[in-house]
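I opened this notebook to record what I looked up in the structure. The entries follow the order of my reading.

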Amino acid sequence: MAKSNNTKIRKKGQIDFILVAAVLAMVSLGVIMVLSASSPSSLAKNRK
């Protein structure tokens, strides 16, 4: 019985879009978390 090769072979240099989307989502969530964590101290320091 011969195996059928159902996996797609990617060309060199081709981007994995699912991985890129996951990385971008995590980076954007991280930036939002850092900015939201620093906002209370910024408001307390610059309140007039």
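How much area does the protein expose, and what percentage of it do carbon and sulfur atoms supply? I noted first that the model is predicted. I then found an exposed area of about 5,200 Å² for the protein, with 68% supplied by carbon and sulfur atoms.

Entry on the fold. I looked up the secondary structure and recorded one helix and zero strands. I also checked burial across the chain: of the 48 residues in the protein, buried residues make up 0%.

Entry on helix H1. I located H1 at residues 17–46, a run of 30 residues. I compared its reach, 42 Å from the first C-alpha to the last, with the expected 44 Å, and the two are close. I looked next for a bend and found one of about 35° at Ser39. I noted that a proline, Pro40, follows within four residues. I recorded H1 as hardly covered, since its count of buried residues is zero.

Entry on the surface. I asked which residues make the nonpolar patch of about 580 Å². I listed Leu19, Val23, Met26, Val27, Val31 and Leu35. I placed one of them, Val27, in helix H1.

Entry on Ile15. I found Ile15 in the segment before H1. Is Ile15 buried, exposed or partly exposed? I entered Ile15 as partly exposed, because its relative accessible area is 46%, which lies between the cut-offs of 20% and 50%. Leaving out residues up to four places away in sequence, I recorded that Ile15 touches Arg10 and Val20.

Notes: Residues numbered from 1 in each chain as written. Predicted model: local features only at pLDDT ≥ 70, side-chain atom pairs only at ≥ 80, totals over all residues. Heavy atoms only, no water. Expected span 1.5 Å × (residues − 1). Bend = angle between axes of the 7 residues up to and from the residue. Buried < 20%, exposed > 50% of the residue type's maximum accessible area, 1.4 Å probe, protein only. Contact = heavy atoms within 4.5 Å. Areas by Shrake-Rupley, 256 points an atom, 1.4 Å probe, with all protein chains shown as cover. Patch = residues over 30% accessible without salt bridge, like charges linked within 9 Å, V, L, I, M, F, W, Y side chains within 5 Å. Salt bridge = Lys/Arg side-chain N within 4 Å of Asp/Glu carboxyl O.
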